Amino acid sequence: MTIAEMEKPNERGLQKVAANERLTFFGLTLPYLLMVTALIVIPVGWLFYLSFIGRDGSLSFENYERMMKSKAYIRIFLTTFKISILTTIICAAIGYPLAYFMSQLSRKWANICMIGVLIPFWTSLLVRTYAWLVLLQKKGLLNNMAIEMGLISEPIKIVHNTTGTLIGMVHIMLPFLILPLYANMRAIDKDTLKAASSLGATPTRAFWTVFFPLSLPGLLAGLLIVFVLCLGFYVTPAILGGGRVIMAAMKISSNIELYFSWGAASALGVVLLVVTGIILFIASKLVSMDQLGNR
Amino acid sequence: MNETSLNISIREVTKKYDQFYALKDVSLEINSGEFMTLLGPSGSGKTTLLMVLAGFTNPDYGSVKFGDEEVILKPPHLRGIGMVFQNYALFPHMTVEQNVGYPQKLRGVSTAETKRSVEEALSTVKLEGLGHRGINELSGGQRQRVALARAIVFKPKILLMDEPLSALDKKLREEMQIELRQLHDTLNMTTVYVTHDQKEALTMSDRITVINDGELMQLGRPNEIYEHPNNHFIADFIGESSLLPVTVRNGKASLNGEEVTLAEGAERSGDFLLVVRPEKAFLADKKVKGSNYFVGKLIDSIFQGESQLLVVKLSSRDDGHEVRVRVPNESVTQKALPLVGENVTIGLKVADSYVVS
């Protein structure tokens, strides 16, 4: 036997150890893989298939054709995008200064503020939505107070319309924007701002040239989460919109519950899924996942 | 005062946090063009003092003048200083070139002039041709150089550095010490350098300010501080030393009842500490005049490359003190080294014998 053929010390044993480790890791991911397959891959595939089935049960594009031709559908998509974009913008306008403020506090005070952000986040969506209804309605707290203070003479309409929907949705979406943004801002090295200032930058200049660009990955991640969640949002627009604000998810629901039209509902779902996919794709080009992780 | 640098005048700067003084009545003059090191253990207040100079920390009271101008009320961005931070604080979203060009852009310098000055600064720190790199593509040493280039590109008259070499490995750190010193000699700006590394301070500085517990302990040239420490804290902190308790009465010093002849410090009576630098102590075969001698037992002998470190426990009535002796690595002395457990006699020249309180 030559030296090359001789077994190296413990070679086989160590190979076995490595193989066992791989098996363990696979075993740990198995429950998740099974769940994803059963609850996501199969149902989504089934919906996809249903969306190409016409009323007579044959393969056809009629569900999609109807969507393209119907003004109602186009209006629903426009509303969905309008509400989603507005909610996202308002969330950013409110959330960015708040996250910035929190990131400048000491850990202790920032954590206390964070609880303030998270308590609504932990409260039931339905409870919060009805609470807004109580606050905003014609004889609600807000209108009554404004009338008593003499700010207005007639109750103003701030619910069962776009305004009410936006107020509710912004409130519910805000934590989704703040959480990634705050984490990102926390990770920004404060010395970089000191450096900018020692090199001659005014506080405003230092903010726009150093802090803001470094917070962009967190901001984009937050915007993305909020926007995508808005696209498929159902409960809040249904309650606070009072039937006047119809978003895609509500149409899907009514297609099924009122018209038993699984094909039409599926087609809407597929379109929404594709649009979301495209947005995620574009966003991932803007901010590489790398950059999000590289903090 | 020349045109490339300014002197710094610090008067009575005091900063208190609750009951704790970060800085206590610190006054010192830093000459124009000088390389001044603020040296002290962590928490001593040296970084606080640097932050006061930069304008990031406001003292409770005190004055800081750059040249003739009082700057203590000025915000950092109007002080015109170059600063190098401990963790470099480079802008990760900018290239090397953009980082170095940042202060020029803020100053409204033309694109062509910015390009020229950035190239000059990069070549000063030996980073030519790396301008287009991203910060994440650089090694620690290269980042250090970018931070330096960014701090000197606008030719500030004062350069502040906060432990800039602490993140580098030993070999690179020692190279950079020499390089930074040479750079200072070329650019000639007043440099205030903070470190806790006494060897670094000795290597680089024109003068050293030793700070402890927020107070200025000693200010002097490196050799003054090393050869004539003011007190036992400095004797212990700067360089290696064994401190032996001696009693001085009527101009005569004694260690455990045996007389010790001092070069200086015998004027005052009281209890003092004899400073024994390991490299100044030597192994003695026979006693000759002009040296003090101590007898003890060798308890440890450590090979350290360039030298052999001997730990000797002095024989005395009470618990013997330990003295360290460094024997240079020469083939002759290596052969003649005593063995652990043997009795040895250590000599210390009278000229090297001094006490601190």
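**View 1. Strands E3(B) and E9(B) pair side by side in chain B of this predicted model.** Here you can follow E3, residues 35-39, as it runs parallel to E9, residues 207-212. Four bridges join the two strands. To get your bearings, start at B:Thr37, whose bridge partner in E9(B) is B:Ile208.

**View 2. E9(B) also pairs with strand E10 of chain B.** This time the strands run antiparallel, and five bridges link E9(B) to E10, residues 215-220. B:Ile208 is a handy landmark again: in E10(B), its bridge partner is B:Gly220. So which residues does B:Ile208 bridge in the two views? They are B:Thr37 on one strand and B:Gly220 in E10(B).

**View 3. A hairpin connects E9(B) and E10(B).** Two residues lie between the strands of this hairpin. Take a look at B:Asp213, which takes a positive phi near 50°.

**View 4. Two helices of chain A, H2 and H12, pack against each other.** H2 covers residues 62-69 and H12 covers residues 262-286. Their axes lie 9 Å apart, at an angle of about 70°. Because angles of 65 to 115 degrees count as such, H2(A) is roughly perpendicular to H12(A). The crossing of H2(A) past H12(A) is right-handed.

**View 5. A closer look shows the residues where H2(A) meets H12(A).** From H2(A) come A:Asn63, A:Tyr64, A:Arg66 and A:Met67. H12(A) contributes A:Gly263, A:Ala264, A:Ala267, A:Leu268 and A:Val271. Sorted by class, this contact of H2(A) with H12(A) has six nonpolar, two polar and one charged residues.

Definitions and conventions: Residues are numbered from 1 along each chain as its sequence is written. Chains are lettered from A and ligands numbered from 1 in the order in which they are written. This is a predicted model: local features need pLDDT of at least 70, side-chain atom pairs count only at pLDDT 80 or more; totals for chains, interfaces and linings use all residues. Two strands pair if DSSP finds at least two bridges between them. Axes are lines fitted to C-alpha atoms, for helices over the stretch in contact, and angles run from 0 to 180 degrees between N-to-C directions. Angles under 35 degrees count as roughly parallel, over 145 as roughly antiparallel, 65 to 115 as roughly perpendicular and the rest as oblique. A crossing is left-handed if the near helix is turned anticlockwise from the far one by less than a right angle, and right-handed if clockwise. Two residues are in contact if their C-beta atoms, placed from the backbone, lie within 7 Å. Ala, Val, Leu, Ile, Met, Phe, Trp, Tyr, Cys and Pro count as nonpolar, Asp, Glu, Lys and Arg as charged, and the others, Gly among them, as polar.
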